[in-house]
Amino acid sequence: MSCFIFQCSFLPRFSINIESRYENNAGTSDNCLDLTSEELELREVDNIDIAFDELQEKHYKPEEDPTAFVSSKTNRGPLKEKWKETLEPIMCSYKAVRVKFEVFGLQTRVEDYVHKVIRDILLLGHRQAFTWIDEWYGMSIEDLRLYESKMQEETNRIVGVGEEVKSTSSSPSTPTNTPTAKTPPASLTFNTDAL
């Protein structure tokens, strides 16, 4: 299991915690993240369908559409209705997302907004993981680590993040450095009017 924790020094009452686990099933595990009975009572399950859930138009790319994509290396795709019931092998990415914004009058709106943004990011990222399969299929773990490092450097360059890094991973199978910056680049800011 891996864990990502984001905390902001200038907003000490704001945090995001995402726990992840990957299992070889179609979402049939009830509590693979070992949530407590209290957490299970509060939990809202949101099944993301990478093929048919609505994606924001600005993020849509025909080459990243699982309903049209066919892998040249694995011959997987395109994903059709009920794909989760008919395809094998299949893997599910389980996430427990906890958002805290402890500011009276804004807490619910900000927490709901952050949950929506994270859902959109996860939908887009998992669509890309499927449609980019030909780029990573067959790589060794060493090849994957090198690829991850290269992508992290390129992402940092694109968003303008400096050399300062902060370890946020509790899992050796997850990249250990996450870029940080004193102020977020313009590309990572969000519209506060939507709150």
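**Exercise 1. Is Tyr-137 buried, partly exposed or exposed, and what is its relative accessibility?**

Before starting, note that this is a predicted model, where local features need pLDDT of at least 70, side-chain atom pairs count only at pLDDT 80 or more, and totals for chains, interfaces and linings use all residues. Residues are numbered from 1 along each chain as its sequence is written, and side-chain values use heavy atoms, with hydrogens and water left out.

*Step 1.* Grab the cut-offs: buried is under 20% relative accessible area, exposed is over 50%, and partly exposed is in between (1.4 Å probe, protein chains only).

*Step 2.* Tyr-137 comes out at 45% relative accessibility, so it counts as partly exposed.

*Step 3.* Now place it: Tyr-137 sits in the loop between helix 4 (133–136) and helix 5 (141–159). Helices here are DSSP runs of H or I with at least four residues, strands are runs of E with at least two, and both are numbered from the N terminus.

**Exercise 2. Lay out the elements of the chain in order.**

*Step 1.* Count them up: five helices and five strands.

*Step 2.* Walking from the N terminus, you get β-β-α-α-β-α-α-α-β-β.

*Step 3.* For the overall picture, 28% of the 195 residues are buried.

**Exercise 3. Find the aromatic pairs and say which parts of the chain they link.**

*Step 1.* Set the rule: rings of Phe, Tyr and Trp (its six-membered ring) pair if their centres lie within 6.5 Å; planes under 30 degrees apart are stacked, over 60 edge-to-face, and the rest tilted.

*Step 2.* Searching the whole structure turns up two pairs. One is Phe-14 with Phe-101, edge-to-face, at 5.8 Å centre to centre and 75° between the planes. Phe-14 belongs to strand 2 (residues 11–23) and Phe-101 to strand 3 (residues 92–101), so this pair ties together parts 87 residues apart in sequence.

*Step 3.* Check the burial of both rings: Phe-14 is buried at 12% relative accessibility, and Phe-101 is buried at 10%.

*Step 4.* The other pair is Phe-69 with Phe-130, also edge-to-face, with 5.7 Å between centres and 75° between planes. Phe-69 is in the loop between helix 1 (37–42) and helix 2 (83–86), while Phe-130 is in helix 3 (residues 107–131), 61 residues apart.

*Step 5.* Same check again: Phe-69 is buried at 11%, and Phe-130 is buried at 12%.
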